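Subject: Structure for your review

Dear colleague,

I am passing on the structure we spoke about, and below it you will find my notes on what turned up in it. Please read them with the structure open beside you.

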Amino acid sequence: MNIGQTIEIVCQEKAGKITQRKVEIEGIRDGRIRATCATTDAPRVFLSSSILAWQLVREKRHA
């Protein structure tokens with residue numbers, strides 16, 4: 001997980017709800033991940049401890 005990458009995450013919100021999102025990482029510091037949600041284009045902050053799974057989103061390449 002690096003700054004500038006787009007990843008898909010599964011995380012557990014404070015209320016216990018589990019969500020899946022595609023986000024672009026803006027910064028990582030002190031266990032917090034600042035990112036922009038790809039769906040809403042809204043800034044978000046995630047605790048690394050709340051992320052249950054993540055994977056790198058592969059960009060489609062056109063010939």
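A nonpolar core, as the term is used here, is a set of buried Ala, Val, Leu, Ile, Met, Phe, Trp, Tyr and Cys residues joined through side-chain atoms within 4.5 Å. Please keep in mind throughout that this is a predicted model.

With that definition, the largest nonpolar core has 9 residues, namely I7, I9, C11, V23, I25, I33, A35, F46 and I51. At least two residues of this core come from each of strand 1 (6-12), strand 2 (18-29) and strand 3 (32-37), and strand 1 gives the most, with 3 residues. As general background, nonpolar side chains in soluble globular proteins tend to be buried together. Within the core, I9 has contacts that, once residues up to four places away in sequence are set aside, take in T19, Q20, R21, F46, I51, A53 and W54.

Turning to the sheet, 5 strands form an open arrangement in the order 4-3-2-1-5, and the pairing is antiparallel. Strand 4 and strand 5 stand at the edges, each having a single partner strand, so one side of each is left without a neighbour in the sheet. From one strand to the next, the twist averages 45°. Strand 1 and strand 5 pair over 5 bridges in the antiparallel sense, and in strand 5 it is L56 that stands opposite I7. Strand 3 and strand 4 likewise pair in the antiparallel sense over 5 bridges, with F46 of strand 4 as the bridge partner of I33.

Strand 3 and strand 4 also form a hairpin with 5 residues between them, and in its turn D41 has a positive phi of about 60°. D41 counts as exposed, because its relative accessibility is 61%, and its C-alpha lies 8.8 Å from that of V23, the two residues being 18 apart in sequence.

R32, which has its place in strand 3, is partly exposed, with a relative accessible area of 47%. Not counting residues up to four places away in sequence, R32 touches G27, V45, F46 and L47, whereas the C-alpha atoms of R32 and I7, 25 residues apart in sequence, are 15 Å apart in space.

S50 may also merit a look. S50 lies in the loop between strand 4 (43-47) and strand 5 (51-56), and with a relative accessibility of 16% it counts as buried, because the cut-off for that class is under 20%. The side chain of S50 reaches the backbone oxygen of L47 at 2.7 Å, and, leaving aside neighbours within four places in sequence, S50 is in contact with V10, C11 and Q12.

Finally, there are the charged pairs, of which a search of the whole structure finds 2 that qualify as salt bridges. One joins the side chains of E13 and R21, at 3.7 Å from N to O; here E13 counts as partly exposed at 29% relative accessibility, while R21 counts as buried at 18%. Another is formed by D30 with R29, where the closest N and O atoms are 3.8 Å apart; in this pair D30 is exposed, with a relative accessible area of 70%, and R29 is exposed as well, at 65%.

With best regards

Terms used:
Residues are numbered from 1 along each chain as its sequence is written. This is a predicted model: local features need pLDDT of at least 70, side-chain atom pairs count only at pLDDT 80 or more; totals for chains, interfaces and linings use all residues. Side-chain values use heavy atoms; hydrogens and water are left out. Helices (H or I, at least four residues) and strands (E, at least two) are DSSP runs, numbered from the N terminus. Buried means under 20% relative accessible area, exposed over 50%, partly exposed in between (1.4 Å probe, protein chains only). A polar contact is a pair of N or O atoms within 3.5 Å; within protein, one must be able to donate a hydrogen and the other to accept it, and residues adjacent in sequence count only if both atoms are side-chain atoms. Contact means heavy atoms within 4.5 Å. Two strands pair if DSSP finds at least two bridges between them. Axes are lines fitted to C-alpha atoms, for helices over the stretch in contact, and angles run from 0 to 180 degrees between N-to-C directions. A salt bridge is a side-chain nitrogen of Lys or Arg within 4 Å of a carboxyl oxygen of Asp or Glu.
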